[in-house]
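Welcome, and thanks for joining this short tour. Please have your viewer ready and follow along as we go from a single side chain to the whole fold.

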Amino acid sequence: MIAMRAKLSVIIPVLNAQDDLPQSLPALWEGMERGLIRELILSDGGSNDGTRDISEAAGAIWVAGSPSRGGQLRRGAATSSGEWLLFLHADTILPNGWAECVEKQMAKGRPAAFHLSFDHGGLVARFVSGWANLRSRLLGLPYGDQSLLVSRSEYEAIGGYIDIPIMEDIAMSKALGKRLTLMPLAATTSARKYVHEGWFARGGRNIWILGRYLCGATPEKLADEYYEK
């Protein structure tokens, strides 16, 4: 479904996301009510569960291809028609008030991401999200679970998302450079992987992977290590 006068295309990369989408999609209704969302695009990487059924029920545009988050984001953006693009992970929930916040950011004409929070309480969760927000402010390197907002003209000017298996979000942040800022609200992302692997174990591994990428390690090599567990 396309709202022709709306400016924002929401793009979600998915892979067997039937458990996550019922949590994240309802938050988009706020943008529909304000006449902000032009279209919702789900870019699939080979789901074999009920993800497509959920997509069709939500009236989303379905794009299918090989599983690579960078490639999925790129295909989703290529299918979109909005003046602005919001890239959202399937397990990330936008906060109350996000639509007004995004409208204000669009008026400024600058790319932005949200602060990060987890759907899990406790000191360790706050520590990990605090580090992520500090990294985003000081280094200008938010991850994809913080949801990137960027104008189509700027997205296309920097070449869009790169079709790489990992670090596509950091590559995008680096390309946007100092123009990328943080919006005042926090998106809530799933802590499922942190709880499963251990907060410090996963957090430390993320820092290690990031450091190696920034030092020149290839995304392909890093992906082999990252997804081996």
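Which side chain of opposite charge is nearest to Asp-145, and how far away is it? The nearest one belongs to Arg-135, 5.8 Å away, and Asp-145 has no salt bridge although it is buried. Here a salt bridge is a side-chain nitrogen of Lys or Arg within 4 Å of a carboxyl oxygen of Asp or Glu. Buried means under 20% relative accessible area, exposed means over 50%, and partly exposed lies in between, using a 1.4 Å probe and protein chains only.

Before going further, a word on what you are looking at. This is a predicted model, in which local features need pLDDT of at least 70 and side-chain atom pairs count only at pLDDT 80 or more, while totals for chains, interfaces and linings use all residues. Residues are numbered from 1 along each chain as its sequence is written, and side-chain values use heavy atoms, with hydrogens and water left out.

Back to Asp-145: look for it in the loop that links helix H6 (123–139) to strand S7 (148–151). Helices (H or I, at least four residues) and strands (E, at least two) are DSSP runs numbered from the N terminus. Leaving aside residues up to four places away in sequence, Asp-145 touches His-89, Thr-92, Leu-116, Ala-187 and Thr-189, where a contact means heavy atoms within 4.5 Å.

The loop between H6 and S7 also holds Ser-147. Ser-147 is not a glycine, yet its phi is positive, at about 65 degrees. Most residues other than glycine have a negative phi. Ser-147 counts as buried, because its relative accessibility is 0%.

A second residue to visit is Asn-16, in the loop between strand S1 (8–14) and helix H1 (21–24). Asn-16 is not a glycine either, and has a positive phi of about 50 degrees. With a relative accessible area of 36%, Asn-16 is partly exposed.

Now zoom out. The chain has 11 helices and eight strands, and 52% of its 229 residues are buried. A compact globule with 229 residues would have a radius of gyration near 17 Å, so the 16 Å of the chain agrees; this radius is taken over C-alpha atoms, and the globule rule is 2.2 Å times the number of residues to the power 0.38. Along the principal axes, the C-alpha atoms fill a box of roughly 45 × 40 × 35 Å. Finally, of the contacts between residues at least 6 apart in sequence, 76% join residues at least 24 apart.

Technical notes:
Lys and Arg count as positive and Asp and Glu as negative; His and the chain ends are not counted.
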